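Student: I should be grateful for a close look at a single part of this model. Please choose one strand and explain how it is placed among its surroundings.

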Amino acid sequence: MQLDEETTSLNEVVVVGYGTQQKKDLTGAVSVVKAADIQKRQATTVAEAMQGLATGVNIRGGGQPGSEANILIRGLKNLSGTNPLYVIDGLISTANRDFNPNDIESIQILKDASAAAIYGSRAANGVIIITTKKGKEGPMRIDFSGKSSLQTIPTYNLAGTDEFARLNNMAYDNAGVSRQKLDLTTNTDWQKEAFRTGSVNDYNLTFSGGSKDGSYLVSANYFGNKGTVISTKFDRYSLRVNTSGTKGIFRIGENIAISNSRSDEMSGNPIIDVVRLLPTIPVYNKANPGGYGYGDEAKARTFGTNPVAIADLEDRTNENLRIRGNLFQNYSFCLI
């Protein structure tokens with residue numbers, strides 16, 4: 001068996017913060033993540049999309065719709081609670097849930113001390129350099145991508161009213177205590193009440209083109225994630241405009257991104273409550289203040305809280321409108 005030499009990756013051009021270099025000339029630790037691999041996934045954030053694609057980079061997603069993923073480069077963080085530094089098109093920024101991963105052209109991750117030499121202490125936990133897509137010379141090109149998927153949450157095989165009543169009565173009898181007055185007419189499946197089938201929809205439309213004197217790219221995106229827990233959802237609308245033009249020694253352009261996101265966040269802890277609640281407790285009970293069912297000492301002793309009531313009464317939303325980008329102007333001088 002003979003191994004063939006592979007030189008393609010060594011000829012790859014890598015962005016390293018202070019310009020571009022051939023990968024074979026690098027002495028620092030740099031990981032390159034292909035944009036094509038990221039765009040195959042349906043992820044809220046860039047960090048989520050990079051899971052498993054770069055060595056030495058540990059990423060843990062939040063799980064909830066619109067939650068931020070935690071990213072850890074090469075083991076323990078040097079500065080507690082600090083995420084890597086993001087540099088997008090040369091601008092120090094963030095690539096959180098407001099950023100559209102479909103706009104990415106390339107990603108480079110600087111993982112060692114050489115990053116700190118460029119960006120200072122902010123780069124103590126690594127640097128993620130993102131270059132967004134630009135228009136290319138040629139006629140207008142229109143690209144559309146759409147991805148949809150369904151999500152489910154694992155469920156437990158929990159006892160119904162008959163089985164619970166038998167076990168509960170046995171426990172009270174063995175303890176020599178009077179039985180509870182269980183409501184045997186109710187058989188609530190709390191997992192069915194708290195969980196649902198979620199969905200993810202990701203639609204992206206791009207117009208791009210250019211000539212030898214300039215280029216343009218305009219992209220619009222909608223990303224929606226209906227969570228598997230009731231009253232959880234994330235929606236994001238984003239628009240990006242990247243243009244540049246050249247006239248003589250002058251070159252001007254801009255990279256502008258506008259996004260509006262809204263997150264309906266999970267209230268309470270329904271993942272635990274569906275296990276702690278009892279099937280003999282109804283979801284709604286007009287006899288109780290507020291009209292919701294809950295445990296009581298005589299009929300149903302439990303530490304669980306009604307997830308339907310929490311979702312209805314504690315509706316937490318987080319909405320962000322973000323505008324970021326840069327304008328640039330270059331002069332090219334010819335020295336004799």
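**Strand S8 and its surroundings**

Tutor: Val32 stands opposite Gln108 in S8, and that pairing is a convenient point of entry into this predicted model. The two residues belong to a longer ladder, for strand S3 (residues 30-34) and S8 run antiparallel and share five bridges. Strand S8 also pairs with S9, again in the antiparallel sense, here over six bridges. Within that second pairing, Ser106 has Thr131 of S9 as its bridge partner.

How far is S8 enclosed by the rest of the structure? Six of its seven residues are buried, so S8 is largely enclosed. A residue is called buried here when its relative accessible area is under 20%.

The side chains of this region lead to the largest nonpolar core, which has 23 residues. Val46, Met50, Ile104, Ile107, Ile109, Ile128 and Ile130 are the members with the most contacts inside that core. At least two core residues come from each of several elements: helix H1 (35-39), helix H2 (46-49), and strands S4 (57-60), S5 (70-73), S6 (85-88), S8 (104-110) and S9 (127-132). In soluble globular proteins, nonpolar side chains tend to be buried together.

Ile107 shows these surroundings at the level of one residue. Setting aside residues up to four places away in sequence, Ile107 touches Ser31, Val32 and Val33, as well as Ile38, Val46 and Met50, and also Ile128, Ile129 and Ile130. A second core, separate from the one just described, has 17 residues, including Ala165, Trp190, Val283 and Ala300.

For another buried position, one may turn to Ser263, which is found in strand S14 (residues 250-265). Ser263 counts as buried because its relative accessibility is 1%, against a limit of 20%. Beyond its neighbours within four places in sequence, Ser263 is in contact with Pro65, Gly66, Arg97, Lys233, Phe234, Arg316, Thr317 and Asn318.

The chain as a whole gives the setting for these details. It contains seven helices and 15 strands, and 40% of its 336 residues count as buried. Among contacts in the chain with a separation of 6 or more, 67% are between residues 24 or more positions apart. The accessible surface of the chain is about 19300 Å², and carbon and sulfur atoms contribute 53% of it.

Definitions and conventions. Residues numbered from 1 in each chain as written. Predicted model: local features only at pLDDT ≥ 70, side-chain atom pairs only at ≥ 80, totals over all residues. Heavy atoms only, no water. Core = buried A, V, L, I, M, F, W, Y, C linked by side-chain atoms within 4.5 Å. Buried < 20%, exposed > 50% of the residue type's maximum accessible area, 1.4 Å probe, protein only. Helix = DSSP H or I, 4+ residues; strand = E, 2+ residues; numbered from the N terminus. Contact = heavy atoms within 4.5 Å. Areas by Shrake-Rupley, 256 points an atom, 1.4 Å probe, with all protein chains shown as cover. Pairing = 2+ DSSP bridges.
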